[in-house]
Amino acid sequence: MTTTNTTTGANGLRHELFTAGLLPADDDGEAQVDQRTADWFRAVRTGFHEQPYTAPEVARLAAAYRVDDRVLVGVYDDDAPAPSLDAGIPVATFAEFRKTLNTGAGNLVECSLITVVTVRPSHRRRGILRRMMTDSLERARAAGLPIAALTASEGTIYGRFGFGPATTLDSVRVDVKGGLPILAPAEGQVVSVDPASLKELAPALFERFHATHRGSIGRQEAYTLRATGRLAEDAAKDDPTLRAAVHLDAAGDPQGFLTYAFAGWDTSPVTMKIRDLVAATGAARRELWRYLGAHDLVERIEYGAAAPDDPLPWTMDDPRRVTVTETEDLLWLRILDVPAALRAREYAADGELRIRVIDPLGYAAGTYALSVDGGAARVEVVDDGVPADLELDVALLGSLYLGGTGVRVLAEAGRVQAASDEAVARAAALLDLSGAPYAINGF
Ligand SMILES: CC(C)(COP(=O)(O)OP(=O)(O)OC[C@H]1O[C@@H](n2cnc3c(N)ncnc32)[C@H](O)[C@@H]1OP(=O)(O)O)[C@@H](O)C(=O)NCCC(=O)NCCS
């Protein structure tokens with residue numbers, strides 16, 4: 001069953017909220033989707049300059065979207081003049097669903113995740129994104145979700161809606177000519193497995209990673225499809241090139257998995273690419289790397305999801321084998337409910353701080369008295385005229401939230417206003433966290 005909620009925006013366009021529409025399989029046993037869902041996916045692919053999915057590809061993705069409980073938004077221009085594309089194909093797309101964010105100290109907080117934002121070139125800069133975004137934030141706030149999250153194609157789009165970059169990932173290339181000499185003694189063993197065997201294991205190991213890594217965001221169904229070879233990198237179909245391995249500890253219990261693919265004999269140096277690496281323990285991570293380094297004929301390994309403070313260079317006596325080729329922001333956070341978000345967060349120390357948050361959209365605006373005692377935060381909204389220690393835009397609160405950047409950095413950048421140097425030191429002692437937050441999946 002699909003549900004629909006239709007409104008007309010101030011821009012005169014029809015906004016529809018619905019879930020992906022799956023139909024019974026056809027006579028050949030092929031899954032089907034309804035026309036609205038097919039048209040929506042077509043608009044998404046065009047928006048990201050990709051060729052359209054085939055009908056079976058759309059059906060596979062639509063089924064995954066249903067597992068995620070994604071709500072799709074389509075914006076329709078019923079009055080587009082001929083010979084415009086069929087009016088059933090949306091001029092803008094957007095989707096939202098919910099997953100938990102690890103906010104540190106073992107806390108998992110449900111957030112609204114925003115994704116597949118596209119607007120057709122003929123309809124750009126008419127406020128369609130703004131309308132879809134503000135409607136979505138309104139729904140999240142009404143549902144009591146304290147935080148919204150997204151990943152961004154460009155750094156300039158989402159700050160105006162109160163999102164700040166909160167985690168980063170490094171792309172690394174590792175020179176494995178002659179092997180990968182990891183110094184620590186081997187622990188347990190790594191076994192090669194059929195990707196299909198990871199159907200239950202991959203999500204279970206991810207949940208363990210998720211529970212223990214600040215910044216981690218819950219995974220959508222597509223990650224299970226990818227791990228099991230049911231979703232290729234550039235198409236929504238099976239990926240016969242995918243290979244997989246699992247680390248077993250000394251007791252024989254799985255502690256991590258890896259999926260990877262050979263980049264082809266044309267690559268120079270000859271390269272293997274990691275698709276996914278999920279380790280519940282440091283030993284599992286080391287052993288999976290050791291296993292990768294043991295592939296004969298391979299000279300380089302590429303990995304696009306290393307932590308900013310990844311231990312890999314420290315595992316060997318030649319740290320120069322590891323080169324960071326790119327650092328990119330991943331998770332952007334938008335705080336919608338400051339007291340709830342601050343209560344759910346981890347703190348490095350006890351202390352007190354008054355924070356004034358500027359929020360043009362209103363949700364987070366106000367002055368908050370934060371008091372941390374024994375790691376537990378109390379937050380009160382105050383209106384007593386006492387000046388705040390720290391004043392900042394809500395987007396920067398999102399950037400500070402997981403400890404991905406620090407108070408001093410933002411003060412030196414001129415982006416937070418502090419009452420005094422002492423206030424900066426007190427805010428840093430309270431809000432800054434050691435170790436980088438680590439989210440390993442996009443959405
Ligand atoms: C990014 C995109 C969704 C913007 O849609 P849009 O409907 O044109 O945006 P709006 O008209 O609602 O603009 C809202 C604001 O964002 C600004 N903005 C929009 N896109 C921007 C961009 N790429 N860079 C900088 N600013 C941008 C607008 O200038 C406007 O600013 P204002 O409110 O201060 O006046 C659209 O350009 C697009 O589809 N791009 C390709 C796909 C993509 O990158 N999607 C994002 C995936 S994360």
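Q: Two strands pair if DSSP finds at least two bridges between them. Which residue in strand 2 stands opposite Thr8?
A: Opposite Thr8, in strand 2, stands Arg14. Strands here are DSSP runs of E with at least two residues, helices are runs of H or I with at least four, and both are numbered from the N terminus. Strand 1 pairs with strand 2 (residues 14–18) in the antiparallel sense, over 5 bridges.

Q: Before I go on, what sort of model is this?
A: It is a predicted model, in which local features need pLDDT of at least 70 and side-chain atom pairs count only at pLDDT 80 or more, while totals for chains, interfaces and linings use all residues. Residues are numbered from 1 along each chain as its sequence is written.

Q: Back to strand 1, then: which strands stand at the edges of its sheet, and why is one side of each left without a neighbour?
A: The sheet is open and has 8 strands in the order 1-2-5-6-7-8-17-9, with mixed pairing. Strand 1 (4–8) and strand 9 (164–165) are at its edges, and because each has a single partner strand, one side of each has no neighbour in the sheet.

Q: And which helix lies across strand 9 and strand 17?
A: That is helix 8 (residues 394–401), which runs at about 120° to strand 17 (332–335). Such angles run from 0 to 180 degrees between N-to-C directions, with axes fitted as lines to C-alpha atoms, for helices over the stretch in contact.

Q: New topic: how is the chain divided into domains?
A: There are domain 1 (4–145), domain 2 (169–329) and domain 3 (338–431), with bounds that come from an automatic or database domain assignment. The centres of domain 1 and domain 2, taken over C-alpha atoms, are 31 Å apart.

Q: How many residues does each of those two bring to the contact?
A: Domain 1 brings 14 residues and domain 2 brings 15, where two residues are in contact if their C-beta atoms, placed from the backbone, lie within 7 Å. On the side of domain 1 that touches domain 2, helix 2 (55–68) and strand 6 (92–104) each supply at least two residues.

Q: What classes of residue are on that side of domain 1?
A: The side of domain 1 that touches domain 2 has 5 nonpolar, 5 polar and 4 charged residues. Ala, Val, Leu, Ile, Met, Phe, Trp, Tyr, Cys and Pro count as nonpolar, Asp, Glu, Lys and Arg as charged, and the others, Gly among them, as polar.

Q: You mentioned helix 2, so at what angle do helix 1 and helix 2 pack?
A: Helix 1 (residues 35–47) and helix 2 pack at about 100°, and their axes are 10 Å apart. The two helices are therefore roughly perpendicular to each other, a label for 65 to 115 degrees, whereas under 35 is roughly parallel, over 145 roughly antiparallel and the rest oblique.

Q: Which residues meet there?
A: From helix 1 come Thr37, Ala38 and Phe41, and they meet Val58, Leu61 and Ala62 of helix 2. By class, this contact has 5 nonpolar residues, 1 polar residue and no charged ones.

Q: What about the ligand: which of the 17 residues around it come nearest?
A: Arg124, Ile128, Leu129, Arg130 and Ser153 come nearest among the 17, and a residue counts as near if its C-beta atom, placed from the backbone, lies within 6 Å of the molecule or strand in question. Strand 7 (107–119) and helix 3 (128–142) each give at least two residues to the shell around the ligand, which has 6 nonpolar, 5 polar and 6 charged residues.

Q: Anything odd in strand 7, say, which residue has a positive phi although it is not a glycine?
A: Val116, which is found in strand 7, has a positive phi of about 40° without being a glycine.

Q: Then what is the order of the open sheet of 7 strands?
A: The order is 11-12-13-14-15-10-16, with mixed pairing. Strand 11 (189–193) and strand 16 (322–329) are at the edges, and each has a single partner strand, so one side of each lacks a neighbour in the sheet. Within this sheet, strand 13 (residues 254–262) and strand 14 (residues 271–279) run antiparallel and are joined by 7 bridges, and Phe257 has Val278 in strand 14 as its bridge partner.

Q: And what is the peptide bond from Ser268 to Pro269 like, cis or trans?
A: The bond is cis, with omega near -5°, and Pro269 has its place in the loop between strand 13 and strand 14.
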